[in-house]
Amino acid sequence: MEFFEIFVLVFSFIILLVIGVPIAFSIGISGILTMLVSIDMIPALTTFSQRMATGLDSFALLAIPFFILAGNIMNSGGIAIRLIDFARILVGGIPGGVAMVNVLANMLFGAISGSAAASASAIGSIMQPEMKKEGYPDNFSAAVNITSATTGLSIPPSNILIVYSLASGGVSITALFLAGYLPGILTGLGIIITAITMLIYKRSGTKAAMRALGIVTLIAVGIVAAYKGVSFSRANFSAGLNRVLLYLVVAAFAVWAVIKTIRNKEKAKVGTKKFLDAIPSLLMLVIVIGGIVAGFFTATEASAIAVLYALVLSFIYRQIKIKDLPDIFLRSVKTTGVVMLLVATCLGLSWIMAYENIPQNVSEGLLSVTSNPFMILLIINMILLFVGVFMDMTPAVLIFTPIFLPIVTAMGVDPIHFGIIMVLNLSVGLCTPPVGSVLFIGCSVAGLSIDKVIKPLLPMFIAMVIVLLLVTYIPDISLWLPKSLGF
Amino acid sequence: STHSEKTELKLAHGLPTDHPVHKAMMFMAQRCSELSDGQLTIEVYPAEQLGSEQQCVELVQIGSLAITKVSAAVMESFTDAYKVFGLPYIFKSKEHSFKIMDGEIGKDLLLSTEDKWIRGLTYYDAGSRSFYTIDKPIHTPDDLAGLKIRVMRSITAVEMIRALGGSATPISWGELYTALQSGVVDGAENNPPSLYTSRHYEVCKYYSLDEHTTIPDVLVVSKIIWDKLSEQEQEWLQQAADESAVLERKLWAESEKESLEEVQKAGVEVIYPDKAPFIEKVQPLLESYKDNEVIYSYIKRIQAVK
Amino acid sequence: MRKTIDKALEWVLVFLLSVLVLDVLWQVASRYILNSPSSYTDELAGYLLIWVGLLGAAYVAGKREHLAIDLLLQKSSPERKFKLEIFISVVVILFAITVMIVGGSWLVYTRFYLSVKSAALGMPLGAVYLVLPLSGILIAYFDIDNMYNMVKSNRKN
Ligand code: NA
Ligand code: NA
């Protein structure tokens, strides 16, 4: 019976999308058409508008304009440049160092601002000329910037994880935030390794590139060994001992970093200064996450605190004046307006999908193909990758979470784990041609057309997919941190 | 509609499928189909699939949804009269509350919202709400002083907690678990099954059964859709609803008992405080409704029932 | 006219977002400052977000900056591009009129008529939903204006 409704929905949506009707209005029109099949005109129109408005009345969604606003303030307020300087002392002197700076700066800025688009424009506009000075081709720099800008989506705080929490019916935002750290860092690492291998290949030929990859493989083996060790310790040691081990690893890393810096005195001097300069900017991460964990405020309230902190810091740096504020606020409202209309129309659409039992029908169809969890996850990943090529992240999360989440939870996949899979997966889509907001921003910052960046983008795209598969089939990469902190 | 035509009604609510009230509504759907020999059927959408309780009542008014289950606390947004259920210690005992709901006053309230395009079908027992706290046991109202207690979005709920001496703190239900865990609030209040299914007992180690409010759930049908049903269909629906309410009281009692056992097994200390000082503290609040004719007349009528 | 509306809308949006930030900051602060924290901030924040979101969406629609897949537009001749853009505007206007203006107005009217109130503030819910027809009117107006300009410049060429 619901076949006709599904047909109306999918058919009208695809037609409108292809013609170029804005995604939010395509969703809205196809949603209302589907609704009119089974509900009278006035109740249908009224219900749809009620869903649009009440859907936005969600405390979790509030964090989105706030993190966008904080990101914009940081961008104008001199916080981004300090993060870049800090990233530079971490990896200066290594071959491909500036490329790594680009990735690290994106990870830090994306982490704090929670927005891939803000990150790509802020870091890209500063790093693109820097990389050119060092002799990197423009399209290579743009590809590095575009792919690494998406890492901030999984490293907390993250707007898209908040949207997922909403779409999933209330998975803990704090747990999602914790789960995002390792996958995000791993993606950044994958991009760095690929970028450096590409550079070595170009400068010194196949042999050197193979040698570099050999080293990477050794490191990877080391990581797998460490993972095995961690699972062993989790299975055999108490939670307390595990926490001690975690602290030991972090401390060892910090000591190693300090020793390495001190060994070169002159560098250490500059390094210390840059580090001290970056501390207030880095403190924002500590305040946001620390404040949530310590119980000063909720995850949503933390986003407003982030705005306040960024504002205070920018005024201290004297890079923002009161009269700049309306413009910064208006820019944030614009981004918010784009996201909120998508959320609003999607909530109208998902209402009629639930009313017509469409998610149940789709999952039955999917489960009739195979019931092997490995295959189902693979199929879901492929569908999402395909969707992500054409559709932006927020609508994709809103549309597909209610469809896929019941299927995977029935197979025993943790909703937190699935959220990270989804976000990583759609992050790949953000930078895959032909459509993707980060792709667009990265290209326009670099002054390139999209077809120019495809070639250097491809290897990095493959690296991201490999990380995605690792995260999909090794749940501990996402779940280890939240679980060890008691979620 | 004519008798030969089959009618399907959509019922949406916000509870999970293992909840006793959901089970009762599934029973109603089954009975409705049996009574009408398949002429009148009900499709149930659980777990906020079609929206929160407040949103579903609006959809019932709009007419795109036929039936919904809503807490009497949420009904306050739609009509003043239901505020009477949110008043602390308005009922003398559980039996007293059943007597009111089964009697004339209950029926009056159900039909009082017809001018709001909503018709009440029946009440479901939702037990009594009590305080649970992270680390400070509540024996007397004085123990509440300065404690940040999460409240639902409801004016009467805020007034009630303030009257008892606590700090009413608004936190959305979805953020409450982490807010309790990290100590943003010191406690919350709800009935035993909700304490159990929300897993808040993992964080809150004291449950003080002061039973300050007894707020029932209400099953409501859209007036627009009700008026389109034939008299026969209306009868089937009402009878199925009445039968489900009887079953629900049994299921609820079982679930309450089981929840209390489970939370105690998980290390929660259940406290049975003397209610007298609590009741005394809220008397000024009840008197403050003297100026509100509608509510005050219901207060007087309820207090008059033995 | 268009410029005045744009400017006014900009100021309203900046104002609403500022109030939103202050509201949530006050929610945190009042927990630590006041003995009895404010009980309405979370409801107010939700309503402000509805207003910022939907009015912001109308503002973005006026600037034609909503996310779209414009592959076909890019690959089209100027003639076909013009036709497609007119069609897109018509679809957007259709949605604004049916769902946001008609549906939204009926929602607002019934909320006022049935006197539905918000749970914490006790304010009329119809006032909150008023943003639906308002944004709908703005979107329709902006798109009709854009369409008029498109036709005008098309005639010139
Ligand atoms: Na982030
Ligand atoms: Na894409």
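# How chains A, C and B meet

Across the interface of chain A and chain C, six residue pairs are found in polar contact, both partners in each pair having a pLDDT of 80 or more. This interface belongs to a predicted model, as does everything described here. On the side of chain A that touches chain C, the elements that contribute two or more residues are helices H1 (3-19), H2 (23-38), H3 (41-56), H4 (63-76), H13 (299-316) and H14 (325-355) of chain A. Of these, H14(A) provides the largest share, with 14 residues. When the residues on this side of chain A are sorted by character, 40 turn out to be nonpolar, twelve polar and four charged.

How many residues of each chain take part in this meeting of chain A and chain C? On chain A there are 56 residues in contact, and on chain C there are 53. The size of an interface is often given as the accessible area lost when the parts come together. For chain A and chain C that buried area is about 4900 Å², and 83% of it lies on carbon and sulfur atoms. Within the area that chain A buries against chain C, A:Ile19, A:Phe25 and A:Lys334 supply 12%, which is more than any other three residues give.

Charged side chains also have a place in this interface. Side chains of opposite charge can pair when their charged atoms come close. Between chain A and chain C two salt bridges are found, and A:Lys334, already named for its part in the buried area, forms a salt bridge with C:Glu65, in which the closest N and O atoms are 3.4 Å apart.

Chain A and chain C also share a feature on the surface. A nonpolar patch is formed there by A:Leu33, A:Leu36, A:Met41, A:Ile42, C:Ile97, C:Val102, C:Trp106, C:Tyr109 and C:Tyr113, which together have about 810 Å² of accessible area. At least two residues of the patch come from each of H2 and H3 of chain A and helix H4 (78-113) of chain C; A:Leu36, for example, lies in helix H2 of chain A. The element that gives the most to the patch is H4(C), with five residues.

From here we can turn to the interface of chain C with chain B. In this case 26 residues of chain C are in contact with 23 residues of chain B, and the area buried between the two chains is about 2100 Å², with 51% of it given by carbon and sulfur atoms. Which three residues supply the most of the area that chain C buries against chain B? They are C:Arg31, C:Leu114 and C:Ala119, which supply 27% of that area.

Seven residue pairs are in polar contact across the interface of chain C and chain B, again with both residues at pLDDT 80 or more. The side of chain C that touches chain B draws two or more residues from each of helix H1 (2-33), helix H2 (41-62), H4 and helix H5 (125-129) of chain C. H4(C) gives the most to this side, with five residues. The residues on this side of chain C comprise eleven nonpolar, ten polar and five charged.

Two salt bridges are found between chain C and chain B, and one that joins these chains links C:Asp42 to B:Arg153, with the closest N and O atoms 3.4 Å apart. B:Arg153 also forms a salt bridge with A:Asp57, where the closest N and O atoms are 3.4 Å apart. This pair crosses between chains, with A:Asp57 in the loop between H3 and H4 of chain A and B:Arg153 in the loop between strand E6 (148-151) and helix H6 (155-164) of chain B. Over all chains, the count of salt bridges comes to 29.

Conventions: Residues numbered from 1 in each chain as written. Chains lettered and ligands numbered in written order. Predicted model: local features only at pLDDT ≥ 70, side-chain atom pairs only at ≥ 80, totals over all residues. Heavy atoms only, no water. Contact = heavy atoms within 4.5 Å. Buried area = accessible area lost by both parts, 1.4 Å probe. Salt bridge = Lys/Arg side-chain N within 4 Å of Asp/Glu carboxyl O. Polar contact = N/O pair within 3.5 Å; in protein donor to acceptor, adjacent residues only side chain to side chain. Helix = DSSP H or I, 4+ residues; strand = E, 2+ residues; numbered from the N terminus. Nonpolar A, V, L, I, M, F, W, Y, C, P; charged D, E, K, R; others polar. Patch = residues over 30% accessible without salt bridge, like charges linked within 9 Å, V, L, I, M, F, W, Y side chains within 5 Å. Areas by Shrake-Rupley, 256 points an atom, 1.4 Å probe, with all protein chains shown as cover.
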